[in-house]
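Visitor: Could you take me slowly through a single part of this structure, one strand and whatever its side chains meet? I would like the local picture to be built up residue by residue, with the distances wherever they help.

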Amino acid sequence: MSKTSIILVALCLVASCSAVDESGAVITNYRSEANPDGSYSYEYGTSNNIQAQETGVGGAYAAGSVQYTAPDGQPIQLAYTADENGYQPSGAHLPTPPPIPDYILRALAYIEAHPFARIQLKK
């Protein structure tokens, strides 16, 4: 075996040993409530530290949160609402768009200050 093959096999073994088997996780906390007016709430927790909760009203509104540890060890905390404005998640782990460059902001301000007159095409 070459050195490269030995290193590759060793890395595969380390990766498989470090993977956590969560198949034995059990629910440690569970509560669920559904009301005649369409409102509901639930929460649960598991032995592998997943926590979730949500409250809402039928298909009109929901708000909740989920907490767990990502495979890379990063703690994830996600809060969300869902209503007439759509699904709105928030969490430090979510990507954010880059800031709008200054030259684009200046161009937008110029366009707004100098509206373009509509051109009427002749037939």
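Guide: A strand, as the word is used here, is a DSSP run of type E with at least two residues, and strands are numbered from the N terminus. By that definition Ser39 has its place in strand E2, and this strand is the part I will follow, bearing in mind throughout that the model is predicted.

Let us begin with the setting of the strand. Strand E2 covers residues 39-46 and runs antiparallel to E1, to which seven bridges join it. In general, the strands of a sheet pair through backbone hydrogen bonds, in either a parallel or an antiparallel manner. Here the sheet is open and has six strands in the order E1-E2-E3-E4-E5-E6, with antiparallel pairing. Its edges are formed by strand E1, residues 27-34, and strand E6, residues 86-90, each of which pairs on one side only. If direction is ignored, neighbouring strands of this sheet are turned by 10 degrees against each other on average. To fix the register between E1 and E2, one may note that Asn29 stands opposite Gly45 in E2.

Ser39 itself deserves a careful look. Its relative accessible area is 17%, and because buried means under 20%, Ser39 counts as buried. The side chain of Ser39 is joined to that of Asn35 by a polar contact of 2.9 Å, and it makes another polar contact, of 2.7 Å, with the side chain of Asp37. Once neighbours within four places in sequence are left aside, the residues in contact with Ser39 are Glu33, Ala34, Gly56 and Val57.

Further along the strand comes Glu43, whose side chain meets that of Arg31 in a salt bridge with an N to O distance of 3.4 Å. Since Glu43 lies in strand E2 and Arg31 in strand E1, this pair ties together parts that are 12 residues apart in sequence. Glu43 is partly exposed, with a relative accessible area of 27%, and Arg31 is likewise counted as partly exposed, at 34%. The structure holds two salt bridges; the one that remains joins the side chains of Arg106 and Asp102 at 2.2 Å, N to O. Both Arg106 and Asp102 belong to helix H2, residues 102-113, where they are four residues apart, about one turn of the helix.

There are also tyrosines to consider. A pair of aromatic rings is described by how far apart the centres are and by the angle between the planes. The count of such pairs in this model comes to two. In one of them, the ring centres of Tyr42 and Tyr44 are 6.4 Å apart and the planes stand at 10 degrees, so the pair is stacked. Tyr42 is partly exposed, with a relative accessible area of 27%, and Tyr44 is partly exposed too, with 29%. Tyr80 and Tyr87, by contrast, form a tilted pair, with 5.9 Å from centre to centre and 40 degrees between the planes. Tyr80 has a relative accessible area of 11% and is buried.

Taken together, strand E2 is joined to E1 by seven bridges, and the salt bridge between Glu43 and Arg31 adds a side-chain link between these strands, while Ser39 is buried.

Terms used: Residues are numbered from 1 along each chain as its sequence is written. This is a predicted model: local features need pLDDT of at least 70, side-chain atom pairs count only at pLDDT 80 or more; totals for chains, interfaces and linings use all residues. Side-chain values use heavy atoms; hydrogens and water are left out. Two strands pair if DSSP finds at least two bridges between them. Axes are lines fitted to C-alpha atoms, for helices over the stretch in contact, and angles run from 0 to 180 degrees between N-to-C directions. Rings of Phe, Tyr and Trp (its six-membered ring) pair if their centres lie within 6.5 Å; planes under 30 degrees apart count as stacked, over 60 as edge-to-face and the rest as tilted. Buried means under 20% relative accessible area, exposed over 50%, partly exposed in between (1.4 Å probe, protein chains only). A salt bridge is a side-chain nitrogen of Lys or Arg within 4 Å of a carboxyl oxygen of Asp or Glu. A polar contact is a pair of N or O atoms within 3.5 Å; within protein, one must be able to donate a hydrogen and the other to accept it, and residues adjacent in sequence count only if both atoms are side-chain atoms. Contact means heavy atoms within 4.5 Å.
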